[in-house]
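Look at the structure below and work through the questions in order. Each answer gives its reasoning before the value or name asked for.

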Amino acid sequence: MLKESSEDQELSNMKVRNCVTAESVAQSSLCPVDTLEPTSIEEAGNFFLVHKVTQSSPSPAMCFVAKVPQDEQESHVVAFSPEDGSGNLDDKSTSSRTVGVRDVHISTRLMEDFLHLAKENTEKDLETCGILGAVHENGTLYMTTLIIPKQESASNSCQATNEEEVFKILNERSLYPVGWIHTHPSQSCFMSSVDLHTQYSYQMMIPEAFAIVLAPTDTSRSCGLFRLTEPDGMNILKNCKDKGFHPHKDPDNGNPLYEHCSNVYKNSNLRFEIFDLR
């Protein structure tokens with residue numbers, strides 16, 4: 001489990017079962033605020049508090065503390081399994097143990113809460129994207145921050161704008177940009193050519209970086225965690241100068257361009273904070 005700094009100790013010790021108040025969260029330095037508007041949300045029997053920050057320093061944010069489940073064990077993130085009806089892998093990607101990269105832990109609530117925040121766009125057939133920030137502790141990366149930037153969206157693309165706001169949050173909290181998350185509102189769960197170039201920019205900075213694709217209308221699989229293969233996929237993207245949507249050739253050795261992550265784990269104890277900058 002992630003060791004928390006003394007600065008974050010107050011938040012981590014909060015008992016959500018006792019219904020944390022907006023006042024107590026405001027006192028936590030993890031999400032410094034001037035004005036809070038608490039909202040209670042109950043979905044599928046899971047109760048948690050969302051605090052919509054109307055004024056804050058340094059950036060607008062939404063924070064929540066989830067109720068710790070009874071089962072506090074870590075479990076491997078499996079995007080493709082017989083239980084979820086996803087069946088076999090597609091012919092463009094494989095799943096293998098990623099060698100030489102650190103493990104990454106994400107919250108069990110990440111995908112669900114991101115879909116909730118993206119719902120309005122999804123209903124309009126518009127993509128939504130977010131950036132994942134992580135802290136490094138004892139050889140493991142823990143995703144503690146979801147940043148939803150200002151963005152320009154279409155049915156098959158999403159472009160972050162005002163990226164200096166994202167960099168400011170990452171820098172102020174000494175976070176690693178460990179990956180990104182986005183929706184495919186009406187498409188299947190895969191990595192487009194544009195997605196592959198975006199992933200390349202992340203993976204160049206952080207070898208552990210991964211992409212989460214959420215495709216709520218894909219009945220065969222609604223979620224995928226992907227990364228470019230190394231060195232094959234990375235080399236092809238490095239040498240590709242094309243823009244927009246375009247085909248990529250497969251590596252000459254028959255390996256895929258991208259693969260399913262095997263170093264990402266969901267951690268039921270891991271809390272995270274959300275910055276919605278839109």
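A disulfide is a covalent bond between the sulfur atoms of two cysteines. Here, a disulfide is counted when two cysteine sulfur atoms lie within 2.5 Å. The model discussed below is predicted.

Q: How many disulfides does a search of the whole structure find?
A: A pair of cysteine sulfur atoms has to lie within 2.5 Å to be counted. The closest cysteine sulfur to that of Cys189 is in Cys223, and the 6.3 Å between them is too far for a bond. Over the whole structure, the number of disulfides found is zero.

Q: Is Cys189 buried or exposed?
A: A residue counts as buried under 20% relative accessible area. Cys189 has a relative accessibility of 1%. Cys189 is therefore buried.

Q: What percentage of the residues of the protein count as buried?
A: The protein has six helices and 16 strands. Its residues number 278, and the share of them that counts as buried is 49%.

Q: Why do the buried residues of helix H4 lie on the same side of H4?
A: Helix H4 spans residues 163-172, and Val166, Ile169 and Leu170 are buried in it. They lie on the same side of H4 because the arc they cover around the axis is only 100°.

Q: Which residues are exposed on the other side of H4?
A: The buried residues of H4 are covered by parts that include strands E7, E8, E11 and E16. Exposed means over 50% relative accessible area. On the other side of H4, the residues that are exposed are Glu164 and Asn171.

Q: How many residues of E11 are buried?
A: Strand E11 covers residues 176-183 and is among the elements that cover the buried residues of H4. E11 is itself mostly covered. Of its eight residues, the number buried is seven.

Q: What is the bridge partner of Ala134 in E11?
A: Strands E7 and E11 are joined by six bridges in the antiparallel sense. Within E11, the residue that partners Ala134 is Tyr176.

Q: Which residue in E12 stands opposite Gly179?
A: E11 also pairs with strand E12, residues 210-214, through five bridges in the parallel sense. Opposite Gly179 in E12 stands Phe210.

Q: What is the handedness of the β-α-β crossover from E11 to E12?
A: Between E11 and E12 the chain passes through helix H5, residues 193-205. The handedness of this β-α-β crossover is right-handed.

Q: What is the relative accessible area of Leu132?
A: Leu132 belongs to strand E7. Its contacts beyond four places in sequence include Tyr176, Val178, Trp180 and Phe210. Its C-alpha is 5.3 Å from that of Trp180, although the two are 48 residues apart in sequence. Leu132 is buried, with a relative accessible area of 0%.

Q: Is Val194 buried or partly exposed?
A: Val194 sits in helix H5. Leaving aside neighbours within four places in sequence, Val194 is in contact with Gly244 and Phe245. Its relative accessible area is 29%, whereas buried means under 20% and exposed over 50%. Val194 is therefore partly exposed.

Q: Which residues of the largest nonpolar core touch the most other members?
A: This core has 26 residues. H4, H5, E12, strand E13 and helix H6 each supply at least two of them. Leu237 has contacts that include Leu196, Tyr200 and Leu228, not counting residues up to four places away in sequence. The residues that touch the most other members are Ile147, Met191, Leu196, Leu228, Leu237 and Tyr258.

Q: Which residues on the two sides of E16 are buried?
A: In a regular strand the side chains alternate between the two faces of the sheet. Both faces of E16 are covered. On one side the buried residues are Glu273 and Phe275, and on the other they are Ile274 and Asp276.

Q: Which residue in E16 stands opposite Ile147?
A: Strands E8 and E16 run parallel and are joined by four bridges. Opposite Ile147 in E16 stands Phe275.

Technical notes:
Residues are numbered from 1 along each chain as its sequence is written. This is a predicted model: local features need pLDDT of at least 70, side-chain atom pairs count only at pLDDT 80 or more; totals for chains, interfaces and linings use all residues. Side-chain values use heavy atoms; hydrogens and water are left out. Buried means under 20% relative accessible area, exposed over 50%, partly exposed in between (1.4 Å probe, protein chains only). The arc is that of the directions from the helix axis to the C-beta atoms. Contact means heavy atoms within 4.5 Å. Two strands pair if DSSP finds at least two bridges between them. A crossover is right-handed if, with the strands pointing away from the viewer, the path from the first strand over the helix to the second runs clockwise. A nonpolar core is a set of buried Ala, Val, Leu, Ile, Met, Phe, Trp, Tyr and Cys residues joined through side-chain atoms within 4.5 Å.
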